[in-house]
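Please open the model in your viewer, with the sequence panel beside it, and follow the stops below in order.

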Amino acid sequence: MNKKTVVLDQTAMSRALTRIAHEIVEKNKGGENLLLVGIKTRGVPLTKRLQDKIKQIEGITVPVGELDITLYRDDLEEVTVDHDPELKDTNIDTELKGKKVILIDDVLYTGRTVRAAMDAVMDIGRPSQIQLGVLIDRGHRELPIRADYVGKNIPTSDKEIIVVNLQEEDDDDEVSIYEK
């Protein structure tokens, strides 16, 4: 893969997450009855960052959860031909009934990950609403899914890949476009 360009550096990523946090608070008239749920892997640290930013804005700590969608993928047979799927723990300690669940992920592409995440959430409980926040929306949807909160829209070609590096996982904050 060949790195084409950096589209978000650490400062721009922080600004985008601050904007998303403000939009979440504004759309939901505060932070009551919210639950932020990070889709593993990179959605989890983004969720914790949003939790911190909402606390700075509203002075409340919105509960967070972690969601593993491995067994809900529609391509599980293709992905697991040579090896068993690697399960990561789902950790949602909050009752979902009556909550507005905001799914958080790093990149929205085809929409299949989000569909799997919604199925997983519905198996856990019945929230009053599910919303979606993503750091990057790159287009190319295969399902009728759109994000409620977007850090940055980055139209891409099918020959390009978006790589999100996060301090918690990769030792730096950067979003880049690579060419296959």
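A helix here is a DSSP run of H or I with at least four residues, and these runs are numbered from the N terminus; with that in mind, select Gly59, the residue that follows α2 and has a positive phi, near 75°. Keep in view throughout that this is a predicted model.

Next, step back from Gly59 and select α2 itself, residues 43–58, a helix of 16 residues that reaches 22 Å from its first C-alpha to its last, close to the 22 Å expected at 1.5 Å a residue. Within α2, colour the buried residues, among them Gly43, Val44, Pro45, Leu46, Arg49 and Ile54. Which elements do these buried residues pack against? Show α1 (10–27) and α5 (167–170) together with the strands β2 (34–39), β3 (64–67), β4 (100–108) and β5 (129–137), since the buried residues of α2 pack against each of these.

Now select the whole protein, which has 5 helices and 8 strands, and trace it from the N terminus on, where the elements run β-α-β-α-β-α-β-α-β-β-β-α-β. The C-alpha atoms fill a box of roughly 45 × 40 × 30 Å along the principal axes. Because a compact globule with 180 residues would have a radius of gyration near 16 Å, the 16 Å of the protein agrees with that expectation.

Finally, switch on the surface, of which the protein exposes about 9,700 Å², with carbon and sulfur atoms supplying 43%, while 45% of the 180 residues count as buried. Colouring by charge picks out 26 positive and 35 negative side chains, and the centres of the two sets lie 6 Å apart.

Conventions:
Residues numbered from 1 in each chain as written. Predicted model: local features only at pLDDT ≥ 70, side-chain atom pairs only at ≥ 80, totals over all residues. Heavy atoms only, no water. Helix = DSSP H or I, 4+ residues; strand = E, 2+ residues; numbered from the N terminus. Rg over C-alpha atoms; globule rule 2.2 N^0.38 Å. Buried < 20%, exposed > 50% of the residue type's maximum accessible area, 1.4 Å probe, protein only. Areas by Shrake-Rupley, 256 points an atom, 1.4 Å probe, with all protein chains shown as cover. Lys, Arg positive; Asp, Glu negative; His and termini not counted. Charge placed at Lys NZ, Arg CZ, Asp CG, Glu CD. Expected span 1.5 Å × (residues − 1). Contact = heavy atoms within 4.5 Å.
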